[in-house]
Amino acid sequence: MTPLTLALVEDLARRAHAGQTDKAGRPYAEHLAAVAEGVRVGGGDEEQIAAAWLHDAVEDDALTEEWLDGAALTPRTKAIVLALTKRPGEPPEEYARRILATPGAALVKHADLAHNADPARLAVLDEPTRTRLAEKYTRMRALLGQSEQE
């Protein structure tokens, strides 16, 4: 099975998340594009960029785990997507361990956190939400061994 091209993965991700918005009310696809670009700029390969486009698809119920299992994606891309799929009630420490144990996943999560913690994105949120999210992202960065400047 030939893996889907990045253009097809991007199109699929945009369609899967169509109509969804982020906490600031922006189209969710903007976040996916920013994470994919962050992975590319960070030296990620095509498998990691594909995973960046799909990193929230299973967690957000935009696509099912069964779909992912049968998708024309490389095993590594699928593993990264599953590693980044937070499970309900999962402790952050366990989530971080799974990411760190999955080759290629940490770069995608780093790009995700970088975009989520972008001051311009956080600035449009109310203060309690902004504070809660900033603390959450800082904690996850620490669990992944990343500094705020990375």
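In the predicted model, Asp126 caps the N-terminal end of helix H9, with a side-chain oxygen 2.9 Å from the backbone nitrogen of Thr129; helices are DSSP runs of H or I of at least four residues, numbered from the N terminus. Residues are numbered from 1 along each chain as its sequence is written, and side-chain values use heavy atoms, with hydrogens and water left out. Because the model is predicted, local features need pLDDT of at least 70 and side-chain atom pairs count only at pLDDT 80 or more, whereas totals for chains, interfaces and linings use all residues.

Helix H9 comprises the 17 residues 127–143, and its end C-alpha atoms are 24 Å apart, in agreement with the 24 Å expected at 1.5 Å a residue, a span defined as 1.5 Å times one less than the number of residues. Thr129, Leu133, Tyr137, Met140 and Arg141 are the buried residues of H9, buried meaning under 20% relative accessible area, exposed over 50% and partly exposed in between, for a 1.4 Å probe and protein chains only. These buried residues lie on the same side of H9 because they cover an arc of only 100° around the axis, the arc being that of the directions from the helix axis to the C-beta atoms. On the other side of H9, Pro128, Glu135 and Ala142 are exposed.

Within H9, Glu127 forms a salt bridge with Arg130, their closest N and O atoms being 2.3 Å apart; a salt bridge is a side-chain nitrogen of Lys or Arg within 4 Å of a carboxyl oxygen of Asp or Glu. Glu127 is partly exposed, with a relative accessible area of 45%, and Arg130 is partly exposed at 23%.

Key: Helix = DSSP H or I, 4+ residues; strand = E, 2+ residues; numbered from the N terminus. Polar contact = N/O pair within 3.5 Å; in protein donor to acceptor, adjacent residues only side chain to side chain.
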